[in-house]
Amino acid sequence: MATSLLGRRTAIFCWAFRGILPTTSVLSDSFPRGILHQIANYNPKPLKLNLKDPYIPDKEGQKTPEWQKTLKYDRKLYGRYGSASGIDPEKLWPSPAKLEEIIAEEREWNPSLEVMLENIGAREKELAAKRLAKEKLIAANMAKMPKMVADWRKEKRDTKMKAREDKDKRARLLAEARERFGFAIDPRSARFQEMVGEIEKEERKKKKLMKRKLKIEQSLTPVAEAPAAST
C-alpha cells in the first residue's frame, strides 16, 4: 500500500516538471479520506512583440502617451534609430531663443576663467573694504571709550545719590508726619499723601519767592553801582 502511494506521488511530480500533466481531476482510492487533487497545465501565450523594427509612436493617436509626443522623445528616438526613426533632424535643433537661453545659462553656471578671476578680485576688494570699515569703527569706539566710561561712572554716582536723597526725603517726611499727627503713619495712606502734597506745594512757593527775590536783587545791583562810578 505504501509502495503504491509513493509511486503515484513520484509519477505526479514527474509529470508536473515535464509539463505534460492532464487537466483533469483525479480521485484516487489509495489516498486516505478521498482527497481531491486538481492537476492543471500552465500554457503561457507567446508575447506578440516586434523586436526587429523600431517602435515609432503615433503622434496623432489618442492612446499614445503625451511624453512620447515631445521633442525630447523625438531626440531620443533619432539618437537610437537614426534616420530609420523617420524624424527630421532639423527640427531637433533648439530655436534661436532657446539657444540664447542655453548660452546664458552656461555663462552663469560655467563662467570662463577670466570672469572667475574678476569675480574673485571683486570679492576680495569687498572683503577688504568691509574689514577696513570695521577697523575704523573699532578705532573710533576705542577713542570714545574713556568718555563713555566716565559718563557711565557719573550716571552710576548720580543714581546712587538720587536713591540716597529719596531715602532721606522719605525719612524726613515720615518724621514730619509723626511730629504733625503724633503717631507713626503708613506712607501709603491718603493722609500721608495729602501731607506730602501740601509740603511740596509749600516748597514750590518758597522756590518761586527765592527766584523772585534773586531777580529783584540782580535788577537793583547796577543802579546801586551807578553813583559810585560817577563820583
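Select F192 to begin, a residue found in helix α5, where helices are DSSP runs of H or I with at least four residues, strands are runs of E with at least two, and both are numbered from the N terminus. This is a predicted model, in which local features need pLDDT of at least 70 and side-chain atom pairs count only at pLDDT 80 or more, while totals for chains, interfaces and linings use all residues. Residues are numbered from 1 along each chain as its sequence is written, and side-chain values use heavy atoms, with hydrogens and water left out.

F192 counts as buried because its relative accessibility is 6%; buried means under 20% relative accessible area, exposed over 50%, and partly exposed in between, with a 1.4 Å probe and protein chains only. Show next what surrounds F192: leaving aside neighbours within four places in sequence, F192 is in contact with L173, L174, A177, I185, D186 and P187, contact being heavy atoms within 4.5 Å. A C-alpha to C-alpha distance drawn from F192 to L173 should read 8.7 Å, for two residues that are 19 apart in sequence.

Stay on helix α5, which spans residues 190-230, and select K208. K208 is exposed, with a relative accessible area of 58%. Add K201, R204, K205 and R212, which gather with K208 in a patch of positive charge on the surface. Patches are made of residues with over 30% relative accessible area and no salt bridge, like charges being joined within 9 Å and nonpolar side chains (Val, Leu, Ile, Met, Phe, Trp, Tyr) within 5 Å; a salt bridge is a side-chain nitrogen of Lys or Arg within 4 Å of a carboxyl oxygen of Asp or Glu. Lys and Arg count as positive and Asp and Glu as negative, with His and the chain ends not counted, and each charge is placed at NZ of Lys, CZ of Arg, CG of Asp or CD of Glu.

For a patch of negative charge on the surface, select E101, E105, E106 and E108. E101 lies in helix α3, residues 96-109, and counts as partly exposed because its relative accessibility is 47%.

Move then to Q68, in the loop between β2 (36-38) and α2 (71-81). Q68 is buried, with a relative accessible area of 8%, and, apart from neighbours within four places in sequence, Q68 is in contact with Y55, P57, K59 and Y73.

Finally, display the whole protein chain, whose five helices and two strands run α-β-β-α-α-α-α from the N terminus on. Buried residues make up 11% of its 231 residues.

Terms used. Areas by Shrake-Rupley, 256 points an atom, 1.4 Å probe, with all protein chains shown as cover.
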